[in-house]
Amino acid sequence: MSFDTVIRGGTLVTASERFRADIGIRDGRIAALAESLGPADRVIDAAGRLVMPGGIEAHCHIAQESANGMMTADDYRSGSVSAVHGGNSCIVPFAAQRKGMGVAETLDLYDSRAAGRSVIDWSYHLIISDPTEAVLAELPTAFARGVTSFKVFMTYPLMKLDDAQFLEILAVARAHGALTMVHAENDGMIAFMSERLLAGGHTAPRYHAPSHPALAEEEAVHRAISLARLVDAPLMIVHVSTPEGAALVQKARLAGAPVFGETCPQYLFLTREDLDRPGTEGAKYICSPPLRDAATQDALWRHLQAGTFTVFSSDHAPYRHDETGKLKHGPEASFRQIANGMPGIALRLPLLFSEGVNGGRITPEQFVALSSTNAARLYGMLPRKGTLAIGADADIAVWDPALTRRVAAADQHDAMDYTPFEGRALTGWPVTVLSRGVPVLEDGAFCAPEGHGRFVARDRLDLTGLGAPRAPEVDPASNFGAEILR
Ligand code: URP
Ligand code: ZN
Ligand code: ZN
Ligand code: ZN
């Protein structure tokens with residue numbers, strides 16, 4: 001039996017185990033796992049390397065007009081190329097509805113931005129900013145197209161929904177087996193703090209942190225979870241930045257509610273002191289929720305170890321450090337005027353591997369779960385993506401666990417002019433990445449065929465094993481439950 005490609009001599013890692021095996025690939029899929037395989041047209045020598053499912057980057061902003069209306073620096077080509085350099089073989093950016101746009105119209109727009117551009121497979125989470133009756137009625141067409149998750153915002157003037165709108169969306173999601181993701185920060189607290197700080201002349205980037213207090217996250221996470229539990233809907237709290245937020249996710253899970261959490265490298269590797277850098281440097285570190293402190297970093301690592309967080313994502317939101325991005329309103333702009341977000345799609349996994357696996361904090365299996373398998377399961381792509389199994393897409397990353405490299409902006413291969421992680425020495429890097437069996441990175445060199453990526457239609461969320469005790473007020477068996485849970 002012959003293969004298109006055999007990956008020989010590596011140590012395979014899945015979310016549950018590590019073992020020595022060769023992988024045989026045929027027609028873009030994993031056809032065999034065995035002690036020794038061959039012959040093959042192409043042999044990849046993986047001796048001394050870890051062979052893992054390619055990363056799935058499930059939170060990144062690409063070719064998207066963000067909450068402030070500014071276009072991200074990366075489009076689907078540069079964003080996906082950068083993702084490949086970071087060991088990813090699949091991305092799930094956002095398709096953002098602008099006010100007045102329909103669901104199909106939004107997805108068509110993003111298809112036109114992604115198709116022929118993305119070098120690896122992609123899907124979208126749909127951002128809903130304008131949930132009119134017509135838009136709610138149209139949402140099932142997104143699910144039919146394989147877009148089975150969406151994101152809503154509790155803050156940002158152009159995006160935020162009120163609690164009643166949020167409940168309407170949660171109810172539709174529940175009825176269709178979709179997953180709602182939420183940016184949970186209390187908008188009123190942020191507006192109040194920002195106005196007082198600005199009125200007092202506190203305009204520098206460092207004041208971005210107190211303008212988005214930890215309490216604003218805690219309050220909004222609690223409210224979001226309460227709203228989801230009222231209608232028995234699954235919920236993902238994205239970019240959790242505080243131990244208080246993480247503890248609420250953990251508490252909800254212990255109560256049996258299908259509530260999930262995500263955190264991001266910036267909250268583990270940077271602090272609000274980075275906002276204090278001289279000149280306009282602090283602007284590079286403005287993101288929301290904001291960077292916190294060293295005690296928060298430690299607490300979030302412990303939540304990562306303990307399984308509170310289901311996924312670990314970059315929240316890559318690239319705005320250049322020039323007049324097209326962070327400095328659009330000039331070098332003296334207040335923290336309120338500076339675009340929120342930082343790049344990191346190529347560093348999410350090297351950071352987690354270096355400090356997590358090589359740092360002795362998590363196992364390689366946890367690394368695979370956090371970087372790929374859990375996102376595949378939660379977002380409806382398992383077992384096609386996110387694991388090393390017979391029949392799965394041959395989306396595979398071969399890592400050199402001992403390679404040390406220093407981070408430099410030029411090596412990100414994105415459209416950015418900085419990286420917030422500049423100069424850090426990291427150990428453990430992807431060397432070869434396959435997308436459906438096709439090399440997209442080989443010995444560290446990018447080699448994807450143009451427009452190689454394909455749209456991935458995702459399944460609905462499988463909540464088996466996560467069943468929530470229903471909120472008694474909305475028991476469908478009650479005489480009014482049917483009206484509420486339509
Ligand atoms: O500051 C951030 N995170 N910008 C990206 C948009 C978002 O809220 O995720
Ligand atoms: Zn967000
Ligand atoms: Zn984001
Ligand atoms: Zn390179």
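In this predicted model, seven strands form an open sheet in the order β3-β2-β7-β17-β18-β19-β20, and their pairing is mixed. At its edges lie β3 (18-20) and β20, each of which pairs on one side only. Further in, strands β7 (residues 50-53) and β17 (residues 396-406) run antiparallel and are joined by four bridges. Here V51 stands opposite V398 of β17.

Some strands of this sheet meet again around helix α1. This helix spans residues 76-85 and is mostly covered, with ten of its ten residues buried; among them are Y76, R77, V81 and H85. The cover over these buried residues includes β18 (425-435), β19 (438-442) and β20 (445-446), and also β8 (55-60), β9 (88-96) and α2 (103-114). After α1 comes G87, which has a positive phi, near 85°.

Turning to the interior, the largest nonpolar core holds 130 residues, and the members that touch the most others in it are A224 and I237. Leaving aside residues up to four places away in sequence, the contacts of I237 are V182, A184, V221, A224, G245, V249, G261 and E262. A second core, separate from this one, has 17 residues, including A73, L275, A283 and C287.

C287 appears once more in the surroundings of ligand 1, where the shell is made up of H61, S66, A67, H183, H239, C287, S288, D315, A317, N340 and G341. By character, seven residues of this shell are polar, three are nonpolar and one is charged.

Methods
Residues are numbered from 1 along each chain as its sequence is written. Chains are lettered from A and ligands numbered from 1 in the order in which they are written. This is a predicted model: local features need pLDDT of at least 70, side-chain atom pairs count only at pLDDT 80 or more; totals for chains, interfaces and linings use all residues. A nonpolar core is a set of buried Ala, Val, Leu, Ile, Met, Phe, Trp, Tyr and Cys residues joined through C-beta atoms within 7 Å. A residue is buried if 20 or more other C-beta atoms lie within 10 Å of its own, exposed if 12 or fewer, and partly exposed in between; C-beta atoms are placed from the backbone. Two residues are in contact if their C-beta atoms, placed from the backbone, lie within 7 Å. A residue is near a molecule or strand if its C-beta atom, placed from the backbone, lies within 6 Å of it. Ala, Val, Leu, Ile, Met, Phe, Trp, Tyr, Cys and Pro count as nonpolar, Asp, Glu, Lys and Arg as charged, and the others, Gly among them, as polar. Helices (H or I, at least four residues) and strands (E, at least two) are DSSP runs, numbered from the N terminus. Two strands pair if DSSP finds at least two bridges between them.
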